[in-house]
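Please load the model in your viewer and keep the selection box handy. We will go from stop to stop, choosing a few residues each time and looking at what surrounds them.

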Amino acid sequence: MTAQLVEIPVEVEHLDVLVVGAGLSGIGAAVHLMQECPDRTFAVLESREAIGGTWDLFRYPGIRSDSDMYTLGYSFKPWASTQGIADGPSILAYVKETAEEFGVTERIRFRSRVTRAEWDGEAGRWTVTVDHVGTGTSSQLTCQFLFMCSGYYRYDEGYTPELPGIEDFSGQVVHPQHWPEDLDYTGKRVVVIGSGATAVTLVPAMADEAAHVTMLQRTPTYIAALPGKDPIARLLNDRLPPRTAYAVTRWANILKTMGSYQLSRKKPELMKKVIRKGIERSLPVGYDVDTHFTPPYDPWDQRFCVVPDGDLFTAISSGDASVVTGRISTFTKDGIRLESGEELAADVVVTATGLNMLVLGGLEIVVDGGKVEPSETVGYKGMMFSGVPNLATAIGYTNASWTLKCDLVCAYVCRLLNHMRDEGYDSVTPLWSDAELPEVPFIDLRSGYVLRSVDKFPKQAARAPWRLHQNYIKDLLMLKYGRSEYDELAFRRVPRAAVKAGTGA
């Protein structure tokens, strides 16, 4: 059904800030606003019917974090468990608990999808079009500042490559992003296509009940085992006050993750040896590590995978799971035939083949009558776009916990809003002054899901503040402690008459 725009009343509702998305980032943004900008009016718009974003959407077996919860958790709400690599339901419960505890839940408007935002420079405001999901209607509201916390992938569909002959397959094909509640794989032969975080989670989780699970990959991924329970948290939780223990554990994990990443980039051959030794210790003697666990690229060229307590390696060692490296020739009635001629029997095939990335949740942006293409902008501090006023987005790290970066962005946005209030500014716009647009992609991973869509994202430059660091210490200094906090931002005051006419104030 085509959405019909409902008649807009003369007095359109106006909010100081509009947060888009009620997932991990959006709930964090709302708490920051309530604590640091208590005088601002705001609402959270969520297109689905539930809090949690990714952690509510994905329901496949074994879903869990691939980052430790002491850095994936919020800075303002300690993660109370010693379970460092947590399961999806526990993370979802944590996000919901945070929303309830801090009074965010009542600020959320569900089934409200933001589709268009139009900036009026004379009035210093956004007019936002909201589709009311399932009703066939839309409405509008206005806001001074638009804060996008909608992640960077499509919620309505996952990525599935062309699979030749799939129509001949007599079994069931499932994508992890749309897991059927009634899927029964007990005693069945399962093939999981993929080798990323989702695949290495699914294989051991399904191996307990399936007859056998095969992970079919074109190329291997770097994988390392980490303790499911955080050893530092276990040591400190009974010895220090909860917030102190959480802070120490959080910083220890930040530094450990950064150290691993830096070693991977500066001494990739050394890191390869360290990873390989860990895998060899976890698998039976003589296992073909070269074929199945030695990628043809350097660590962190693509996202690194962790397996808590080595559960993937345990499933392989027990014979309940196996890894096959090769390319698909065609699906058959009873499974998959590879280019090598090998055939994999299957009753269920899971296509853990990735995500479809989406800039700003697919939002159409118009600034003073001109449509903005994000790919023609430059990212400012990894959170704003050149030439786009009063808009920020919370996008987390690709090489560390998502929330670490989002937490810094939320705090920065709050300081920026307070600065604008104190100085009487109505708009703030990052200004890229160079004549040419840089060519460096916004996200520098070489993962397939990134390469498929990165050309639609903003660019980044080689210099600050137009550089996306992917480094928590550098971002902490730039976003929280930097002396040049508002460099290359243009602030503007709108005549009071225009503000009053635009907002009904």
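A residue counts as buried here when its relative accessible area is under 20%, as exposed when it is over 50%, and as partly exposed in between. One caution before we start: this is a predicted model.

**Stop 1: a salt bridge at the end of H4**

Select Lys 77 and Glu 101. Their side chains form a salt bridge, with N and O 2.7 Å apart. Is Lys 77 buried or exposed? Its relative accessibility is 9%, so Lys 77 is buried. Glu 101, at 48%, is partly exposed. The two residues are 24 apart along the chain: Lys 77 sits in the loop between helix H3 (69–72) and H4, while Glu 101 belongs to helix H4 (residues 88–101).

**Stop 2: helix H4 itself**

Now select the whole of H4. With 14 residues at 1.5 Å a residue, the helix should span 20 Å, and the distance between its end C-alpha atoms is 20 Å, so the two agree.

Next, colour Gly 88, Ile 91, Leu 92, Tyr 94, Val 95, Thr 98 and Ala 99, which are buried. Why do they lie on the same side of H4? Their arc around the axis is only 155°, and this places them on the same side of the helix. The general background is that an α-helix has 3.6 residues a turn, so residues three or four places apart point the same way.

To see what this buried side meets, add helix H1 (24–36), helix H2 (54–57), H3 and helix H7 (242–266); the buried residues of H4 pack against them. Then rotate to the face turned away from the buried side, where you will find the exposed residues Pro 89 and Glu 100. Just after the helix, click on Gly 103, which has a positive phi of about 75°.

**Stop 3: the parallel sheet**

Show the strands S9, S18, S10, S11 and S14. These 5 strands make an open sheet with parallel pairing, in the order S9-S18-S10-S11-S14. Which strands stand at the edges? They are S9 (172–174) and S14 (321–325); each has a single partner strand, so one side of each lacks a neighbour in the sheet. From one strand to the next, the twist averages 20°.

Zoom in on S11 (residues 212–217) and S14, which pair in the parallel sense over 5 bridges. One place to click is Gln 217, whose bridge partner in S14 is Thr 325. Then bring in helix H5 (residues 197–207), which packs on the sheet and touches S10 (189–193), S11, S14 and S18 (348–351). The directions of H5 and S11 make an angle of about 165°.

**Stop 4: more salt bridges**

How many salt bridges does the structure hold? There are 26, and a few more deserve a click.

- Select Glu 364 and Arg 116: the closest N and O atoms of this salt bridge are 3.0 Å apart. Glu 364 is in strand S20 (residues 364–367) and Arg 116 in strand S5 (residues 112–120), 248 residues apart. Glu 364 is partly exposed at 28%, and Arg 116 is partly exposed at 26%.
- Select Asp 290 and Arg 276: their side chains meet in a salt bridge at 2.7 Å, N to O. Asp 290 lies in helix H9 (residues 289–292) and Arg 276 in helix H8 (residues 268–282), so the pair ties together parts 14 residues apart in sequence. Arg 276 is partly exposed, with 28% relative accessibility.
- Finish with Asp 39, Arg 40, Arg 421 and Asp 422, which are linked in a network of salt bridges.

Conventions:
Residues numbered from 1 in each chain as written. Predicted model: local features only at pLDDT ≥ 70, side-chain atom pairs only at ≥ 80, totals over all residues. Heavy atoms only, no water. Pairing = 2+ DSSP bridges. Helix = DSSP H or I, 4+ residues; strand = E, 2+ residues; numbered from the N terminus. Axes fitted to C-alpha atoms, helices over the stretch in contact; angles between N-to-C directions. Contact = heavy atoms within 4.5 Å. Salt bridge = Lys/Arg side-chain N within 4 Å of Asp/Glu carboxyl O. Buried < 20%, exposed > 50% of the residue type's maximum accessible area, 1.4 Å probe, protein only. Expected span 1.5 Å × (residues − 1). Arc of directions from axis to C-beta.
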